[in-house]
Amino acid sequence: MLVLVAPGQGAQKPGFLTPWLDLPGVSERLAWWSAVSGLDLIHYGTKADEEEIRDTAVAQPLLVAAGLVAAHALFAEGIEGATGLAELPNRIGAVAGHSVGEITAAAAAGVFTDEAAMVLVRRRGLAMAEAASRAETGMAAILGGEQDDVVAHLEKHGLTPANVNGAGQIVAAGTAEQLAALAEDKPEGVRRVVPLKVAGAFHTDHMAPAVATLETLVAGVPVADPRTAYVSNRDGGVVASGAEVVERLVAQVSNPVRWDLCMETFQRLGVTALIELAPGGTLTGIAKRALPGVTNLALKTPDDLDAARALIEEHAVPAVDTPAEEEPREA
């Protein structure tokens, strides 16, 4: 069974959209999404420097656009009988995204349209940037240590374990002062504390104003139930209702990302292979450590498409059926 995943903020790099523009229809698609979102995606994805694309309001739409471009390209040709993303449930057993990547995953699974995804992610980025501007906050990756010990240590400093990624990686979020104190007082067994290139303490109470903004916006978004198993960041639960997917997407802005529980769900569903949409690399890196025996592929450029399609042909099964009575697990 194959899982399709989409990365979150921090995966972007200057010029990372450039090679995708060589594919037929990509420039036109990005131009349309630029008009819909009010952001020049082609400029920011090809010419902008690292500092420009670090801006939350820019980075998030860029990442969703790149993931969807890669998803459309993956199913556009090269697979017998493929009919675009409508083919996804016949090939992909489950989808998931890390943080803003959940919007990419939801659109790929048919919960809402690409256009709705671009409007939602643009508003999400703007709202989170606004919330982040109210105080000097940030995030730092903690590498190594026992999870329970690290979480307890973060709480001592008033920090939130904003991303619990598994494979010995937790991301702390909080004020600049709290993060500075953490750097001086690392948890036992931790190898490094690495500041992340993000503009605020995402997935914490600092983002509450952004949640309120998005709750108003999504009330009018047409949604459908996902066409394949959708694995949620909240608790690793499989969500079958499109309305619930959207509710979780909004609440997730101020709640921790439990990628560790998502990977546990992949294992329970029988994952044998995992493809990470562009700009791939982060989640496959985690999976190599946390999911031994699972074949991983990062879809970084169009040069990776043939290998990704071959992996789909080898591991494809129809969308996973999950028991209706299955309850989400406690985080």
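Helices (H or I, at least four residues) and strands (E, at least two) are DSSP runs here, numbered from the N terminus. The model is predicted, so local features need pLDDT of at least 70 and side-chain atom pairs count only at pLDDT 80 or more, while totals for chains, interfaces and linings use all residues. Residues are numbered from 1 along each chain as its sequence is written, and side-chain values use heavy atoms, with hydrogens and water left out.

**The sheet and its helix**

Let's start with the sheet. It is open and built from four strands in the order β4-β5-β3-β6, with antiparallel pairing; two strands count as paired if DSSP finds at least two bridges between them. At the edges sit β4 (160-166) and β6 (190-195), each of which pairs on one side only. From one strand to the next, the twist averages 20°. Angles run from 0 to 180 degrees between N-to-C directions, and axes are lines fitted to C-alpha atoms, for helices over the stretch in contact.

Five bridges link β3 (residues 137-144) to β6 in the antiparallel sense. If you would like a pair to look up, A140 has P195 in β6 as its bridge partner. As background, strands of a sheet pair through backbone hydrogen bonds, either parallel or antiparallel.

Which helix packs on this sheet? Helix α8 (residues 147-156) does, touching β3, β4, β5 (169-175) and β6. Its direction makes about 5° with that of β5. Contact, here and below, means heavy atoms within 4.5 Å.

**Two helices with a buried face**

Next come α1 and α14. For accessibility, buried means under 20% relative accessible area, exposed over 50%, and partly exposed in between (1.4 Å probe, protein chains only).

Helix α1 (residues 26-37) has twelve residues and reaches 16 Å from its first C-alpha to its last, close to the 16 Å expected at 1.5 Å a residue. That expected span is 1.5 Å times one less than the number of residues. Its buried residues are V26, L30, W33, S34 and S37. They lie on the same side of α1 because they cover an arc of only 110° around the axis, the arc being that of the directions from the helix axis to the C-beta atoms. Turned away from that side are the exposed residues E28 and A35. The cover over the buried residues of α1 includes α2 (41-46), α4 (56-76) and α7 (114-132). Just after this helix, G38 takes a positive phi of about 75°.

Helix α14 (residues 305-315) has L305, A308, R309, L311, I312 and H315 buried. Seen down its axis, they fall within an arc of 155°, so they line one face of the helix. The face turned away carries the exposed residues D306 and E314. Among the elements covering the buried residues of α14 are β1 (2-6), α4, α5 (88-91), β9 (273-276) and β10 (295-298).

An α-helix has 3.6 residues a turn, so residues three or four places apart point the same way.

**H98 and G101**

H98 is placed in the loop between β2 (94-97) and α6. Is H98 buried or exposed? It is buried, with a relative accessible area of 9%. Its side chain makes a polar contact of 2.8 Å with that of N165. A polar contact is a pair of N or O atoms within 3.5 Å; within protein, one must be able to donate a hydrogen and the other to accept it, and residues adjacent in sequence count only if both atoms are side-chain atoms. Leaving aside neighbours within four places in sequence, the contacts of H98 include A6, P7, G8, N233 and W259.

G101 belongs to helix α6 (residues 101-108) and is buried, with a relative accessible area of 0%. Not counting residues up to four places away in sequence, G101 touches A6, P7 and G8.

**Backbone points to check**

Most residues other than glycine have a negative phi, and most peptide bonds are trans. Two residues with positive phi are listed here.

| Residue | Phi | Loop | Relative accessible area |
|---|---|---|---|
| A167 | near 55° | between β4 and β5 | 35%, partly exposed |
| H203 | about 60° | between β6 and α10 (208-218) | 2%, buried |

The peptide bond from A278 to P279 is cis, with omega near -10°. P279 itself is found in the loop between β9 and α13 (282-290).
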